[in-house]
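Good morning, everyone. Let me walk you through one structure, and please keep the picture in view while I talk.

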Amino acid sequence: MRPHKATEPWCILLMCLTAGSPPLNDAEIQQLIRDGFVRIAGAFPCALAEQCRSILLRDTGCDEGDPRTWTKLVIRLGMYA
């Protein structure tokens with residue numbers, strides 16, 4: 001396994017997550033390193049996730065129910081940076 005840089009996105013996420021919440025267990029940390037994501041149950045309310053999904057679908061032009069509109073691997077939304 002190669003050494004990790006503290007500037008890698010998962011490292012930054014891990015630092016943010018562990019700063020104000022219970023730390024991830026070893027399996028979750030390994031999943032984050034391996035897969036680039038980890039599920040954090042209850043991180044924010046479902047209603048907020050639904051609002052965010054609606055905004056992202058609107059601003060990307062993607063239709064949740066029509067996979068034919070999912071034509072790009074990455075869509076940058078710089079106005080949210």
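Start with confidence. In the protein chain, helix H1, residues 9–20, has the lowest confidence, with a mean of 53. H3 has the highest, at 90. Remember that this is a predicted model. Across the protein chain, pLDDT averages 78. A score of at least 70 is reached by 72% of the residues.

Now the layout. How many helices and strands are there in the protein chain? There are 3 helices and 0 strands. Going along the sequence, you read α-α-α.

How much of the protein chain is buried? It has 81 residues, and 14% of them count as buried. The surface exposed by the protein chain is about 6800 Å². Carbon and sulfur atoms supply 61% of that area.

Next, contacts. Take the contacts in the protein chain with a separation of 6 or more. Residues 24 or more positions apart make up 8% of them.

Let's zoom in on helix H2, residues 26–35. Which residue caps its N-terminal end? That is Asn25. A side-chain oxygen of Asn25 lies 3.0 Å from the backbone nitrogen of Ala27. Now go to the other end. Just after H2 comes Gly36, with a positive phi of about 85°.

On to charges. The count of salt bridges is 4. I will show you some of them.

Arg34 and Asp35 form one of the salt bridges. Their closest N and O atoms are 3.0 Å apart. Are these two residues buried or exposed? Arg34 has a relative accessible area of 61%, so Arg34 is exposed. Asp35 is at 36%, so Asp35 counts as partly exposed.

Then look at Arg58 and Asp59. They form a salt bridge too, and here the closest N and O atoms are 2.8 Å apart. Arg58 counts as exposed because its relative accessibility is 56%. Asp59 has 25%, so Asp59 is partly exposed.

Now move to the segment after H3, where you find Asp66. What is the salt-bridge partner of Asp66? The partner is Arg68, with the closest N and O atoms 2.9 Å apart. The two side chains also make a polar contact, at 2.9 Å. Is Asp66 buried or exposed? The cut-off for buried is under 20% relative accessible area. Asp66 has 17%, so Asp66 is buried. Arg68 has 71%, so Arg68 is exposed. Put the pair together: a buried Asp66 in a salt bridge with an exposed Arg68.

Last stop, a patch on the surface. Which residues form the nonpolar patch? Find Ile55, Leu56, Met79 and Tyr80. Together they have about 390 Å² of accessible area. Helix H3 covers 46–60, and Tyr80 lies in the segment after it. Tyr80 has a relative accessibility of 44%, so Tyr80 counts as partly exposed.

Let me recap. The pattern is α-α-α. Confidence is highest in H3 and lowest in H1. Asn25 caps H2 at its N-terminal end. Asp66 pairs with Arg68 in a salt bridge. And on the surface, Ile55, Leu56, Met79 and Tyr80 form a nonpolar patch. Thank you for listening.

Definitions and conventions:
Residues are numbered from 1 along each chain as its sequence is written. This is a predicted model: local features need pLDDT of at least 70, side-chain atom pairs count only at pLDDT 80 or more; totals for chains, interfaces and linings use all residues. Side-chain values use heavy atoms; hydrogens and water are left out. Patches are made of residues with over 30% relative accessible area and no salt bridge: like charges are joined within 9 Å, nonpolar side chains (Val, Leu, Ile, Met, Phe, Trp, Tyr) within 5 Å. Accessible areas come from the Shrake-Rupley method with a 1.4 Å probe; for residues, only the protein chains shown count as cover. A salt bridge is a side-chain nitrogen of Lys or Arg within 4 Å of a carboxyl oxygen of Asp or Glu. Helices (H or I, at least four residues) and strands (E, at least two) are DSSP runs, numbered from the N terminus. Buried means under 20% relative accessible area, exposed over 50%, partly exposed in between (1.4 Å probe, protein chains only). A polar contact is a pair of N or O atoms within 3.5 Å; within protein, one must be able to donate a hydrogen and the other to accept it, and residues adjacent in sequence count only if both atoms are side-chain atoms. Contact means heavy atoms within 4.5 Å. pLDDT is the predictor's confidence in each residue, from 0 to 100.
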